[in-house]
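Me: I would like to learn how to read the features of a protein model. Could we go through one together?

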Amino acid sequence: LEFWVMRASRQISRNAHRACGPWQQISDRLRGRKWQVAALLLMVLSQLLVFRGHETWCGSSTVRVPKQLGSCHRALTSCHATADAYAAGEELSVDRIMIKVLTPEGLQVKTVVSEVSLPGLEGRLGILRGHAQLLAPLACGLLRYKRQGKWVPVVLRGGYASVADNVVTVLTNDCERGQALPTLEDARQQLDDSTAALAQASSRKDRLNAADEAKLAAARIQAALLLDKEGGS
């Protein structure tokens with residue numbers, strides 16, 4: 001009797017193992033291949049996102065990029081800019097935005113900064129990281145941006161500025177920066193000359209041109225004072 005009881009118990013356990021064996025094997029395989037399951041889910045999700053794409057600019061051509069991946073594309077651009085700044089030996093900071101200044105002669109300024117101040121028609125426009133999208137006309141005046149904790153001046157001859165995705169783009173007729181900026185004494189002399197020309201202007205066109213020259217001379221004085229201050233600090 002004991003022999004038959006033991007034989008029956010073995011048969012029952014063998015049948016139970018056969019019944020549960022496939023499920024146990026599947027569970028083990030899934031447990032050992034979690035990364036494959038995750039990769040499959042990501043592939044399916046990426047294919048679903050492709051159908052909700054929108055057009056975005058990449059270089060000089062238009063590329064179809066998924067709408068949900070647009071933020072990733074912008075973040076990748078920002079990472080490239082930060083990597084370029086690091087390769088150039090710049091000091092990295094948390095808040096960083098890209099500024100580009102273009103004239104009819106081409107790209108004049110392209111760098112990564114922490115703050116931008118623009119000469120708007122109704123006053124100065126301050127731009128920090130995370131600023132809302134903006135398109136504004138610019139007056140003749142001083143553009144300054146903070147790079148590695150120091151302000152850098154650029155004199156603009158009017159134009160337009162756009163802000164989008166932490167990129168500030170300035171289109172201007174002409175700009176003066178670096179060695180092209182006059183000294184403080186020369187800038188003050190230019191301001192006196194432009195003020196005298198404004199007083200003697202007879203036509204509306206002459207008055208407008210003289211007023212622009214006076215604004216540019218005042219911007220050059222501000223740039224010279226800013227350079228003296230930053231150089232001495």
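Me: Which side chain meets Arg157 in a salt bridge?
Reply: A salt bridge is a side-chain nitrogen of Lys or Arg within 4 Å of a carboxyl oxygen of Asp or Glu. Here the partner of Arg157 is Glu213, at 3.3 Å from N to O. Before going on, note that this is a predicted model, in which local features need pLDDT of at least 70 and side-chain atom pairs count only at pLDDT 80 or more, while totals for chains, interfaces and linings use all residues. Residues are numbered from 1 along each chain as its sequence is written, and side-chain values use heavy atoms, with hydrogens and water left out.

Me: Where in the chain are Glu213 and Arg157?
Reply: Helices (H or I, at least four residues) and strands (E, at least two) are DSSP runs, numbered from the N terminus. The salt bridge of Glu213 and Arg157 links distant parts of the chain: Glu213 is in helix 5, residues 204–232, and Arg157 is in strand 8, 56 residues apart.

Me: How many salt bridges are there by this rule?
Reply: The count comes to two. In the other, the side chains of Glu176 and Arg220 meet at 2.8 Å, N to O. This pair also links distant parts of the chain, with Glu176 in strand 10 (residues 175–177) and Arg220 in helix 5, 44 residues apart.

Me: Is Arg220 buried or exposed?
Reply: Buried means under 20% relative accessible area, exposed means over 50%, and partly exposed is in between, with a 1.4 Å probe and protein chains only. Arg220 counts as buried because its relative accessibility is 8%. Its partner Glu176 is buried as well, at 16%. In the other salt bridge, Glu213 is partly exposed at 34%, and Arg157 is partly exposed at 29%.

Me: What share of the residues of the protein counts as buried?
Reply: Of the 233 residues, 27% count as buried. The protein has five helices and 10 strands.

Me: Which residues have the most contacts inside the largest nonpolar core?
Reply: A nonpolar core is a set of buried Ala, Val, Leu, Ile, Met, Phe, Trp, Tyr and Cys residues joined through side-chain atoms within 4.5 Å. The largest one has 18 residues, and those with the most contacts inside it are Val116, Leu118, Val168 and Val170. At least two residues of this core come from each of strand 3 (97–103), strand 4 (106–113), strand 5 (115–120), strand 7 (134–147), strand 8 (150–164) and strand 9. Strand 8 gives the largest share, four residues. There is also a second, separate core of seven residues, including Val155, Leu181, Leu216 and Ala223.

Me: Which residues are in contact with Val168, leaving aside its neighbours within four places in sequence?
Reply: Contact means heavy atoms within 4.5 Å. With those neighbours left aside, Val168 touches Ile97, Met98, Ile99, Lys100, Val116, Leu118, Ile127, Ser162 and Val163.

Me: In what sense do strand 8 and strand 9 pair?
Reply: Two strands pair if DSSP finds at least two bridges between them. Strand 8 and strand 9 pair in the antiparallel sense over five bridges. One example is Ala161, whose bridge partner in strand 9 is Val170. Strand 3 and strand 9 pair in the parallel sense, over five bridges. Across from Thr169 in strand 9 stands Lys100.

Me: Which residue takes a positive phi near 55° in the hairpin of strand 8 and strand 9?
Reply: That is Asp165, in a hairpin with two residues between the strands. Asn166 lies in the loop between these strands and has a positive phi of about 60° although it is not a glycine. Asn166 is partly exposed, with a relative accessible area of 23%. Another case is Gln148, which is not a glycine but has a positive phi of about 55°. Gln148 sits in the loop between strand 7 and strand 8.

Me: Where does Leu171 lie?
Reply: Leu171 lies in strand 9, residues 167–171. Leu171 counts as partly exposed because its relative accessibility is 48%.
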